[in-house]
Each structure stands twice: as C-alpha cells, then as structure tokens.
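Hello,

Here is the structure I said I would pass on. My notes on it follow below.

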Amino acid sequence: MSLSKHADVTIDDVCNAVLAYYPDADVSVLKRAHEFAEKVHGDQKRHSGEPYMVHPRSVAFILTELRLDVASIATAILHDTVEDTHATLEEVEKQFGTTIATLVDGVTKLSKITFKTSEEKQAENFRKMIIAMAKDIRVILVKLADRLHNMRTLEHLLPYKQKAIAQETLDIYAPIANRLGISSVKIELEDLCLRYLHPDIYYKLASKVHKTKREREKYIEEVCAMIQEKLKEYDLHGTVVGRPKHFHSIYKKMERRKIDFEQIHDLIAFRILLDNITECYKALGVIHATYKPVPGRFKDYIAIPKANKYQSLHSTVIGPHGERIEIQIRTNDMHQVAEHGIAAHWKYKEGRFESQDTNAVEWVNRLLEWHKDLSDPNEFLETVKIDLFAEDVYVFTPNGDVMEFPFGSSPLDFAYAVHTDVGNRCMGAKVNGKIVPLKYRLKSGDTVEILTSTTQTPSKDWLKLVKTSKAKAKIRAYIKIQERSRALALGKEMLEKELRLYSYTVQKLLKLPQLEEFLRRKGTKTLDEVLIYVGYGRMQPQTISQAVLPPEVLSTPKPEPKADDSVLKKIFDNAKKRTENKNAVTVENIDNILIRFARCCNPIPGDSIVGFVSRGRGVTVHTVACPKALDTESDRKIDVTWNLQVPIKRHVRIRVLSHDTAGILANMSQAISGCGVNISQANIRTTKDRKAVSMFEVEVANTEELAKVLSALEARKGVINVERVKS
C-alpha cells in the first residue's frame with residue numbers, strides 16, 4: 001500500500017497497512033491508541049493549521065512502510081501525548097501496558113528540567129534517547145519516523161527554526177538512519193536538509209536535473225534493456241532498475257571534488273537484483289566483460305559488509321555513449337536490508353517482534369559505554385557525531401580478523417579498539433610487517449600489529465592523530481585525570497598557604513562541622529572537588545577560609561596578602577582594562593572580566609559558546625562544538641552568554657570556490673556588499689584547472705547576517721562552493 005507523502009492518513013489506512021504484512025495483528029490496540037490520542041490532543045493544531053492528529057497518524061504510517069510491530073506503531077500514535085498534553089505516563093501504561101509506555105517515555109523529551117542552554121538541552125535529550133535505545137532499539141525507529149514527517153512539513157516554520165532543525169537532522173538523525181542501514185529514510189532526510197540549509201543550491205540542482213529528465217529517462221530505459229539482454233545471454237534472470245542519484249549525494253560530490261554540476265558524469269546508478277550470491281559475482285563478470293570498469297572504483301561489500309550490514313557489489317564502468325555509470329549488484333534479501341536496515345531484521349517470536357541485528361545492538365551498547373564515560377552532555381553528543389559520520393576502512397589483525405575504522409584512522413585507533421590499556425601504552429605499530437609512525441593512516445587491506453611500552457602515556461598531540469570516538473574519549477579521559485591531579489595538588493598548596501595565615505592546617509579544617517555545610521552549598525561531597533576548582537582558578541582559597549573557619553580564628557590578626565595571593569587576581573589581572581570585546585560576552589553575571597575569543601573556532605554572536613578560565617588570561621570563549629573546547633577539562637568551564645545589548649562586529653573568513661571567469665571577483669564582492677556587510681580583506685588565487693579560490697574577511701554582527709552572505713554568494717553564477725573558515 002502506498003500513499004502520498006503529504007496525504008492525510010486515516011487510522012484505517014494504518015491498520016490496513018499493518019494487516020498487509022502481519023495478518024494476525026491485533027489492530028484494536030492501534031484504534032484504542034488513536035481514540036486516546038484524539039481525546040487528549042483535542043483541538044490542538046500544527047503550525048500548518050492542520051489538526052494535530054495528522055502528525056501521529058503519518059508517523060505511524062511511515063513505520064508500517066518499515067513493517068514494524070503493533071507496539072511500535074501504537075507508540076507512534078501516542079508519542080506526543082505525554083510531552084504535549086495533560087496525559088501522564090502512568091495513564092498510558094494503565095491503558096496500553098508497560099512495553100508501549102516504556103517506548104513512549106523513550107521518545108519523550110526532557111521538558112520538565114531547566115537547562116542553561118538549548119545545546120545542553122539537545123544533548124541531554126539525545127543522551128536520554130540513547131539510554132532508551134539500549135533497552136529497546138524501537139525507540140530510535142519511532143524517533144526517525146517522527147523526524148522524517150516533521151522534515152516533510154518543515155515549510156510551515158520560521159526560517160531560523162527550519163535551519164536549526166535541518167542542521168540537527170543532518171548531524172544526528174540522517175547518520176543514525178545510515179548507521180542502522182535504513183537508506184530510504186537516510187536519503188529522504190538528507191535531501192530535505194539540503195533544501196532548507198542550502199536552498200539556492202537545492203533549487204539550482206533541481207532545475208538542472210529537471211532539464212535533463214527526459215534524456216536521462218530515455219538513457220536509463222536503454223541501458224536497463226541492454227543489461228537485461230546481456231544477463232539473459234548468460235542465463236541470469238534478475239531485475240534491473242536505474243535511478244538518478246539524490247540531490248544531497250550530488251551536492252556532496254560537488255563539494256568533495258570542488259567541481260560544479262556539469263562536471264559530474266556518474267549521475268545515474270543502476271541496480272541489479274538477483275536470487276543468490278553466486279549469481280551476483282557472475283553478473284559482475286558479465287558487466288565487466290561488457291563495459292570497461294573504471295580502475296579503483298570497485299568495492300566488494302558482500303565479502304566484507306558495512307557495519308550496518310549493507311551488502312552489495314559496487315562498480316563504476318564506462319557505459320553506452322561514454323557515460324560513467326555506477327552499478328550495484330545484490331540479492332533481493334540484501335536489497336531489503338539496504339532499504340530498511342535494522343527494520344528488515346525483525347522476527348516474530350513468541351508473541352512479539354525481536355531484532356536479530358546484533359551489529360546495531362553492539363553499536364547502541366557502545367554509545368551507552370560512552371554515556372558512562374563522558375559526563376559532559378556536549379562532549380557526549382560530539383563524540384557520537386564523530387562515530388556517526390564514519391566512512392569505511394577495513395584492516396586485519398595478525399590473526400586475520402577484519403576490523404572496521406573511519407577513513408583517516410591511525411594505528412592509535414586500532415590500539416584503542418583492541419583495549420584501552422593497549423592504546424594508552426601504544427608507542428608504534430607494524431603495518432604489513434613494517435614499522436610505521438603513529439601518524440600513519442590506515443588503508444583497507446592493511447595488517448596491523450601494535451607495539452607497546454610500559455613507560456608510554458597518552459598526550460594531547462594524540463588527539464590530532466585519531467579518528468574514532470573511542471580513541472578520542474579514552475585519550476581525553478586520561479589527560480583530564482592528569483590535569484585534575486595537577487589542579488588538586490595546586491589547590492591544596494594554595495589552601496594550605498591561606499590557612500597558615502591563621503595558624504591553621506587542612507587536617508584541622510577537615511574536622512570542622514562548617515566544612516560539611518560549605519560543601520553541601522557548593523554541591524560537592526569532598527574537599528578535593530573544591531580544591532580542584534581552586535587549582536583551576538574558579539574559586540579563591542579565601543572563599544573557603546572565610547566560610548569554614550570559626551569566627552575566633554578569623555578574628556586573628558592577618559597580614560595583608562601579597563598581590564599574587566589571589567588566584568582570581570592572577571586570572572583576571574587585566575580585568576578592568578578596556579578591550580574591544582568588553583561586555584560583548586557576559587560571564588556568570590561578573591563585570592569587567594577580560595574576554596578572549598578563541599582563534600581555533602572564531603565564535604560570532606549567534607554561535608553557541610562556552611567559556612574556560614585560563615590563569616592570567618581571563619576567560620577564553622569557544623564555540624560549543626570546538627574540538628579544543630571538548631579537550632579542555634570541564635572543571636575550568638564557566639557559563640558565558642552573548643550580551644545582545646552590546647552590538648559588535650566580528651571578523652569572519654569565507655572561502656569561495658568558483659570558475660575563473662572575468663568579473664567573478666566583482667560579482668562576489670557585490671553579493672557581499674549587497675547584504676550590507678563590509679569586506680576588510682580579500683585574496684584570490686587561481687588553479688591549473690581554471691578555478692578561482694577566493695578568501696574574504698568580512699565584518700558581521702551575527703550568524704544570521706553571515707548566513708545571508710553565504711546564501712547570496714551561493715546564488716551567484718559561477719560559484720561552486722562557499723564555506724565559513726573557522727581557523
């Protein structure tokens with residue numbers, strides 16, 4: 001059964017779709033769930049003006065296309081009841097049972113907790129979803145269907161909300177769909193994200209693809225017939241279909257190769273579906289005998305499947321009329337897995353559906369392990385993002401086992417994949433029998449053996465060498481433990497120096513009842529945690545002495561402290577100097593603190609930011625996702641926000657790749673100045689293939705103004721790619 005993506009789905013449509021693949025399903029549960037949701041949502045409307053129930057019914061129907069079970073589809077119908085109405089989780093459990101209530105809770109956002117920033121809220125909501133996924137993988141499938149329908153109807157929101165939701169979808173949900181092997185959802189999400197993040201590029205591509213539609217359809221029909229005929233000659237009977245590559249795939253190829261649309265030749269992919277693996281390899285031989293294969297463009301994902309269990313043979317060949325075409329060859333079963341991923345592994349067993357996809361379960365368990373290791377929600381989210389975008393490199397252990405790593409991984413990634421201790425003690429590696437440095441980049445087919453030393457320890461430089469989330473997390477954890485130890489020792493030394501002024505000691509301080517009350521107010525359990533704050537400069541030792549020491553001790557004559565006795569004075573020694581950034585950022589409601597903007601990420605108003613105390617240098621402001629911020633000890637973190645009352649202009653660099661044509665620089669300059677933005681510097685260089693790389697430094701007030709500039713440049717004729725340069 002198929003319905004238009006924007007049709008108003010009825011509950012009968014949902015029930016009939018379920019019965020089509022599961023005739024014994026108890027669809028009365030779905031009808032009861034629908035009645036309950038209709039009652040509690042009442043007269044609620046969506047931003048489009050439609051009745052709210054259009055959304056949960058549509059989400060439920062998307063799940064029927066993935067052939068999910070009744071509990072998942074009931075959850076889709078109920079998924080917003082606890083979050084957006086007066087209904088409680090207890091009511092849902094009472095009426096629909098523990099399983100459905102647990103699933104509903106898993107997809108419900110943390111709405112009753114106050115967060116300091118929207119980024120922290122996003123990160124914690126994602127963390128909650130991961131924990132729920134570990135209990136039941138169906139949570140993420142409902143969430144993906146929910147996000148897909150929201151993206152389909154995103155045109156009804158304000159532009160800034162469209163971009164924020166699209167970016168989150170591209171960063172998290174589309175990669176999750178890919179990791180779970182659900183390519184149909186991944187492809188649609190990516191194309192919708194491109195439409196809202198880069199509308200000029202999206203509609204430019206749509207226009208160019210539409211112009212060649214008739215020729216392309218004719219070519220696809222011709223090639224399909226030719227391949228089908230060749231297969232029959234060798235007694236192979238399969239299905240051959242052709243399709244144009246989706247917009248986001250074309251865009252990424254243009255961006256990666258720094259070329260424009262007209263220079264992409266392999267815009268069409270053909271798929272051959274056969275009955276068994278033997279026929280797949282036989283068909284590959286037929287294709288290579290008929291069309292000349294392009295060297296280096298063959299991949300065997302049948303022998304070595306992707307992490308998401310995707311299997312297929314990929315080969316790019318020179319097809320009819322000299323056109324490059326990509327051909328994918330797989331069995332019908334492999335095709336089901338490729339389209340529906342983990343959802344293709346549901347098995348009906350003892351009255352309920354279970355997932356047979358152990359790879360997906362292992363991946364979720366790995367996320368759960370990071371959840372335990374990483375206390376900072378933003379660091380957890382960024383770590384997961386790294387893992388989600390992993391490309392495939394396959395290497396062998398000395399025993400011949402295959403291990404998968406992201407493209408660009410080093411022997412350190414391999415070492416940490418074996419064991420944390422092996423990673424921490426890694427001093428080098430042998431690749432294919434030869435010793436290589438730690439900066440070596442692994443290639444598919446390498447055999448890797450790790451060399452260790454008991455004296456070796458991780459360093460910050462290692463973070464530049466590794467790609468995997470596990471390696472980054474373990475290295476950061478080790479470094480932070482070392483930094484905390486140093487901060488603890490320094491904090492203890494400074495407190496002892498303060499207490500000596502009162503002829504007191506730390507040991508005597510520990511026995512005072514006032515200390516327990518002080519620690520409770522600070523939200524800590526031990527004095528060590530406070531001393532770490534002192535060591536990092538986030539608290540003065542005088543704060544402890546004044547709060548904890550008895551009044552009679554404090555009344556003891558005390559010599560005036562020397563100028564360097566105050567940690568905060570060391571940190572903020574230039575606090576009252578006027579700077580160009582004064583008051584641009586508010587630091588925990590403290591005035592006149594020296595603010596520095598990190599050069600590594602160059603934040604501008606509108607970016608999500610975080611501050612870090614640096615002894616003698618005030619507060620350094622990073623963007624939340626900056627790698628250097630993630631590598632910095634969280635105890636040095638301090639809350640910072642943009643002060644929107646103080647308008648400032650920040651310098652931002654923009655890199656533009658374009659064709660090297662007469663007047664292109666003037667054309668781009670007009671696009672920037674047309675947005676009311678000043679160009680402070682411009683450099684341009686040309687390449688051998690008649691391209692121009694232009695670097696503009698512009699003054700913008702915020703991210704919204706920058707987005708207008710980027711969009712204006714993207715729309716100019718001859719421009720291939722535009723990007724903000726942060727470092």
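Ile100, in this predicted model, is in contact with Val29, Ala71, Ala74, Thr75, Leu78 and Val92, leaving aside its neighbours within four places in sequence. Ile100 also belongs to the largest nonpolar core, which has 66 residues. Along with Leu30, Leu78 and Val92, Ile100 is among the residues with the most contacts inside that core. Helix H9, residues 138-152, gives the most to this core, contributing 8 residues. In soluble globular proteins, nonpolar side chains tend to be buried together.

Next, the salt bridges. The structure holds 13 of them, and I went through three.

Helix H9 comes up again here: the side chains of Glu168 and Arg147 meet in a salt bridge, with 2.8 Å from N to O. Arg147 lies in helix H9 and Glu168 in helix H10 (residues 159-179), so this pair ties together parts that are 21 residues apart in sequence. Are the two partners buried or exposed? Glu168 has a relative accessible area of 18%, which is under the 20% limit, so Glu168 is buried. Arg147, at 10% relative accessibility, counts as buried too.

The second is formed by the side chains of Glu233 and Lys230, at 3.9 Å from N to O. Both sit in helix H13 (residues 213-233), and because they are 3 residues apart, about one helical turn separates them. Glu233 counts as exposed at 53% relative accessibility, while Lys230, at 30%, counts as partly exposed.

The third joins Glu517 to Arg521, whose closest N and O atoms are 3.9 Å apart. These two are 4 residues apart in helix H23 (residues 513-521), so they too are separated by about one helical turn. Glu517 is partly exposed, with a relative accessible area of 34%, and Arg521 counts as exposed at 52%. Salt bridges that share partners bring Arg520 in as well, joining Glu517, Arg520 and Arg521 into one network.

Last, some strand pairing. Which strands pair with S19? Strand S19 (residues 650-659) pairs with strand S21 (residues 691-700) in the antiparallel sense, over 10 bridges. Within that pairing, Arg655 has Met695 in S21 as its bridge partner. S19 also pairs with strand S22 (residues 719-725), again in the antiparallel sense, over 6 bridges. There, Ile654 stands opposite Arg724 in S22.

Regards

Notes. Residues are numbered from 1 along each chain as its sequence is written. This is a predicted model: local features need pLDDT of at least 70, side-chain atom pairs count only at pLDDT 80 or more; totals for chains, interfaces and linings use all residues. Side-chain values use heavy atoms; hydrogens and water are left out. A nonpolar core is a set of buried Ala, Val, Leu, Ile, Met, Phe, Trp, Tyr and Cys residues joined through side-chain atoms within 4.5 Å. Buried means under 20% relative accessible area, exposed over 50%, partly exposed in between (1.4 Å probe, protein chains only). Contact means heavy atoms within 4.5 Å. Two strands pair if DSSP finds at least two bridges between them. A salt bridge is a side-chain nitrogen of Lys or Arg within 4 Å of a carboxyl oxygen of Asp or Glu.
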